[in-house]
Amino acid sequence: MKFKKRLSLKLISTVLFLSSNSVFATLDHQVKVSDKEQRLINDIAEFTELVHRVRYFYPSKTNESTAWEYFLKSSIQTLLNQPEENRLEHGLTLLKSITPLIEREANSLPKLNDNYKLHHWINFGPRNFNFYFRSIFEADPLYIPAPETQIYSDSYNGKPLYWPLFIRTEDLYLGTAYEANEGKVSLEDTATCMAAISSIWGEIQHFWPYFHQVNVDWQSSHLALLKGCLGDIEQLEQIIQIEFTKLQDNHVWVGVPREYRESNYYQLPLRLDHIENKAIVTNKTPYLTLQADIGDELLSIDNTSVSKLVEGYKKRTFKSAHRETIEATRILPLLYDGPKLVDLEFKKPDGSTYTTSTASIHHEVIGPFERPKKERSIINQLGDGLTIFRPQNLTTQKELQTVKQVLADSKGVVLDMRGYPANLMLTNQALGMFTDKQLMLGEFSFFIQFLPNREQAFKAEQVRPTPATPKLFDVPVVAITGRNNQSAAEHMMQWVQSIGIPILGEVTSGINGEHIHAQIFGGHANGGLSFRYTGALANQLDGSKFIGVGIQPDVNVPITQKSIQNNIDIQLNEAIALIKMML
């Protein structure tokens, strides 16, 4: 791949942990700029941030039908070639071609009164996706919430700026919508890159519901991301990863085109997990030497310690602080973009070490893994009246009725809830069989945004308690959760918490709330960017922070190196032992 530069800018440094061909690289992701170049970046940031505010909150049909990323691309390209003293004002002129009611004086805007039909945005999300939507509504103060002011007081280029949050019917079609230019794009074009990355930044700025719980300087991240478009395109993915990881949102993901990714189809013939502060082999294929066993510890890759590699990668995982080391360990075997001979150093559980060589293999021919994924049936009887039930695997009412028949003779039940629910409502019904209480959740809120920067948000709590039903099974119950439980798989664990069933296992991922998924310039398959983040706010049962914290088990039972080596389900065994004590 070719080394690309943007303008006259260059990266300060790139420090390689391994050879020059290695994907295990870290970098100082700040771009070295002159004062003049810094002013350019600041101007692009100020212009695009104004565009994002107007895009989401200025109510007009021309706004609604504008292809905003394409407008940004065209406008940024123009601004890059503008004299510095004209740059910001020229950007304002371009924006006013779409939304002309933007003025330096508030009294220059059309006067609004009760004689006019007025319209405003209802932003129940930044876009129409699943049940998120946004649309322009006719104002109806009796039935529809609305912005608290008619005019937004803004600032741009050091001077006040005013634009409407309500608009008259006759002004809805003022301006000219900007249309998309179909066809494949390239992030190697500076304006395209800036438009794409700023569009994602802007959507999160106005709609992400966790800024009050996560300490992140998102304004500085915008500057860093824009600078990333001016540096080496080969490093863009890393800069994106570093900045978006700061959100600590385990739903977050930004996909770049394949030609700019570190990992492309090739991987080492093993799987790793972070267990007891070590990188433990959890699976392997025949391409890995017979000398290496599942349960061995990986010490180094090409003479660089795994701990150093993990430390260098963990701030780029898109994961929260309590998940980043796990994710960084797991991803190490996957970071290859072609065939490469790799030296690996391992340690056996008895302390002896050995070194072997293997190759990165194309994922289509890497071969079967030694330990296939276990099939976990919905219900198993262990004898002596003990039953293992996996309510998250239910898919039909018929299966639930069968479970009821089996549970009728049970004296104790282990709810093995490690995994994602196939049908959340069936899982809810199944849990209701073990209680006569309501199944409760922590706060689970969606928001209508009426003002930029989340300055006026109308909260709607969408998830209500499940009404109490008769308790069908009055027997000891223990639930198991795992480190991979995330989102709806944590949602169901809050139900378990609410009815007092003890939870055994490991801390969960720490993110819930419906995510939003979108593409910029047609997404990464078209040369643009794809992205995902959490759009709803979820908290713990007691109202405290859930993001980056997760479900805390009552009995902590972490997976161990020995349990991996011997293929023992230590969490299930401990749950069974606990149930026997409760009988």
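Accessible areas here come from the Shrake-Rupley method with a 1.4 Å probe. The model shown is predicted.

**Figure 1. The whole chain, its surface and its dimensions.**
The chain exposes about 24800 Å², and carbon and sulfur atoms supply 49% of that area. It contains 14 helices and 27 strands. The radius of gyration is 27 Å, close to the 25 Å that the globule rule gives for 583 residues, so the chain is as compact as a globular protein of that length. Along the principal axes, the C-alpha atoms fill a box of roughly 80 × 65 × 35 Å. Of the 583 residues, 54% count as buried. Among contacts between residues at least 6 apart in sequence, 73% join residues at least 24 apart. The chain carries 58 positive and 65 negative charges, and the mean positions of these two sets are 3 Å apart.

**Figure 2. Two nonpolar cores.**
The largest nonpolar core of the model has 90 residues. Those with the most contacts inside it are Trp163, Ile204, Trp208, Ile240, Phe244, Leu247 and Leu529. Another core, of 30 residues, lies apart from it. Met433, Phe434, Ala489 and Val496 are among the residues of this other core.

**Figure 3. Helix H12 and the elements around it.**
Helix H12 spans residues 488–498 and is mostly covered, with 10 of its 11 residues buried. The buried residues are Ala488, Ala489, Glu490, His491, Met492, Met493, Gln494, Trp495, Val496 and Ser498. Two of them, Ala489 and Val496, also belong to the core of 30 residues. The buried residues of H12 pack against helix H11 (424–432) and against three strands, E20 (444–449), E22 (477–481) and E23 (503–505). Gly500 follows H12 and has a positive phi, near 80°.

**Figure 4. Helix H6.**
Helix H6 covers residues 218–228 and is mostly covered: 8 of its 11 residues are buried. The buried residues are Trp218, Ser221, His222, Ala224, Leu225, Leu226, Lys227 and Gly228.

**Figure 5. Two asparagines with positive phi.**
Most residues other than glycine have a negative phi. Asn303 has a positive phi, near 70°. This residue lies in the loop between strand E12 (297–301) and strand E13 (304–305). Asn303 is exposed, with a relative accessible area of 74%. Asn453 also has a positive phi, of about 60°, although it is not a glycine. The loop that holds Asn453 runs between E20 and strand E21 (457–461). Asn453 is partly exposed, at a relative accessible area of 26%.

**Figure 6. Surroundings of Ala180.**
Ala180 is found in the loop between strand E7 (167–168) and helix H5 (190–207). Its relative accessible area is 32%, and Ala180 is therefore partly exposed. Ala180 and Phe71 are separated by 109 residues in sequence, but their C-alpha atoms are 8.0 Å apart in space. Not counting residues up to four places away in sequence, Ala180 touches Ala67 and Tyr70.

**Figure 7. Leu578 in helix H14.**
Leu578 is part of helix H14 (residues 570–582). With a relative accessibility of 21%, Leu578 counts as partly exposed, since the buried class takes in values under 20%. Leaving aside neighbours within four places in sequence, Leu578 is in contact with Val478, Leu504 and Val555. Leu578 and Leu504 are 74 residues apart in sequence, and the distance between their C-alpha atoms is 9.3 Å.

**Figure 8. Arg261 in a loop between two strands.**
Arg261 has its place in the loop between strand E8 (253–255) and strand E9 (266–267). At 18% relative accessibility, Arg261 counts as buried. Outside the residues up to four places away in sequence, Arg261 touches Glu237, Val256 and His524. Between Arg261 and Leu236 there is a separation of 25 residues in sequence and of 9.0 Å in space, C-alpha to C-alpha.

Definitions and conventions: Residues are numbered from 1 along each chain as its sequence is written. This is a predicted model: local features need pLDDT of at least 70, side-chain atom pairs count only at pLDDT 80 or more; totals for chains, interfaces and linings use all residues. Side-chain values use heavy atoms; hydrogens and water are left out. Helices (H or I, at least four residues) and strands (E, at least two) are DSSP runs, numbered from the N terminus. The radius of gyration is taken over C-alpha atoms; the globule rule is 2.2 Å times the number of residues to the power 0.38. Buried means under 20% relative accessible area, exposed over 50%, partly exposed in between (1.4 Å probe, protein chains only). Contact means heavy atoms within 4.5 Å. Lys and Arg count as positive and Asp and Glu as negative; His and the chain ends are not counted. The place of a charge is taken as NZ of Lys, CZ of Arg, CG of Asp or CD of Glu. A nonpolar core is a set of buried Ala, Val, Leu, Ile, Met, Phe, Trp, Tyr and Cys residues joined through side-chain atoms within 4.5 Å.
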